[in-house]
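Student: Hi! Could you walk me through this structure, starting with how its inside is put together?
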Amino acid sequence: MSRIGKSPITVPAGVSVEATSGHVKVTGPQGSLERSVPEGITLTQEGDVLTVSRIDDSREHRSLHGLLRTLIANMVTGVTTGYTKELEIVGVGYRCAAKGPNSLELALGFSHPVFVDAPSGITFEVPVPTRIIVKGIDKEQVGQMAANIRKLRKPEPYKGKGVRYAGEHVLRKAGKAAK
């Protein structure tokens, strides 16, 4: 039995979970999220406790059991508190400016500024020109958007310039050795 899959999900007050055949919808104060449920996985709710179970011990159902439980727990957390990812910009002349809540203008050492638009459900905050905060209720979307911004200029190993996650350690290499 999956250790992750068999642990119950506690649904806080103000959050509703609607589980139909092949579909689950979680609604809370921040918004609502939906996900399809594969065949062989069932959801049962008793009061404020949601349990995910599988019909048999086939390889496919075992692999989906813990995964779906974690995805639904992430949905519940997302609609209650939301998710954030922080990015830092390091480098001389590297900076960011917010162009509304859904757009960024990045100066990353290219000959042109780079514009990034957020998909629906994602917002950006720029408290200082070298820090970006990506916010949203869907953990997958927030992580993917942060990864896409980081991919524009990854931290390089010699001077450490580029976009990195807050707190990320960049391994530095020694430059050329002088003769």
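Tutor: Happy to. Keep in mind that this is a predicted model. The largest nonpolar core has 20 residues, and the ones with the most contacts inside it are I89, L106, V116, F124, I132, V134 and I149.

Student: Which elements give two or more residues to this core?
Tutor: They are the strands β7 (83-90), β9, β10, β11 (122-125) and β12 (131-136), together with helix α2.

Student: And where does the largest share come from?
Tutor: From α2, which supplies four residues.

Student: Let's zoom in on V116. What is V116 in contact with, leaving aside its neighbours within four places in sequence?
Tutor: V116 touches N102, S103, L104, L106, F124, M145, I149 and L152. Two of these, L106 and I149, also appear among the core residues with the most contacts.

Student: What else is there in the way of cores?
Tutor: Another core, of 19 residues, lies apart from the one we discussed. Its members include L33, A73, V76 and I137.

Student: OK, changing topic to sheets. What is the strand order in the open sheet of three strands?
Tutor: The order is β8-β9-β10, and the pairing is antiparallel. β8 (95-98) and β10 (114-117) are the edge strands; each has a single partner strand, so one side of each has no neighbour in the sheet.

Student: How much are neighbouring strands turned against each other?
Tutor: By 25 degrees on average, ignoring direction.

Student: How many bridges join β9 to β10?
Tutor: Four bridges link β9 (residues 103-107) to its antiparallel partner β10. As one pair you can look up, E105 has F115 in β10 as its bridge partner.

Student: Which helix packs on that sheet?
Tutor: That's α2 (residues 139-152), which touches β9 and β10. The direction of α2 makes about 175 degrees with that of β10.

Student: Nice. Last topic, empty space: how many cavities of 30 Å³ or more does the count come to?
Tutor: The count is one. About 70 Å³ of space lies in the largest cavity.

Student: Which residues line it, so I can select them?
Tutor: The lining of the largest cavity consists of L33, R35, L71, N74, M75, Y83, I137, D138, K139 and E140. The elements giving two or more residues to this lining are β4 (32-36), α1 (59-80) and α2.

Student: Which of the elements gives the most to that lining?
Tutor: α1 does, with three residues. While you have the selection open, note that L33 and I137 from the lining are also among the residues of the 19-residue core.

Definitions and conventions
Residues numbered from 1 in each chain as written. Predicted model: local features only at pLDDT ≥ 70, side-chain atom pairs only at ≥ 80, totals over all residues. Heavy atoms only, no water. Pairing = 2+ DSSP bridges. Axes fitted to C-alpha atoms, helices over the stretch in contact; angles between N-to-C directions. Contact = heavy atoms within 4.5 Å. Core = buried A, V, L, I, M, F, W, Y, C linked by side-chain atoms within 4.5 Å. Buried < 20%, exposed > 50% of the residue type's maximum accessible area, 1.4 Å probe, protein only. 1 Å grid on protein atoms, 1.4 Å probe; cavity = no way out; pocket = protein on both sides within 12 Å on 5 of 7 lines; lining within 4 Å. Points joined across faces, edges and corners; volume = space filled by probe spheres on them.
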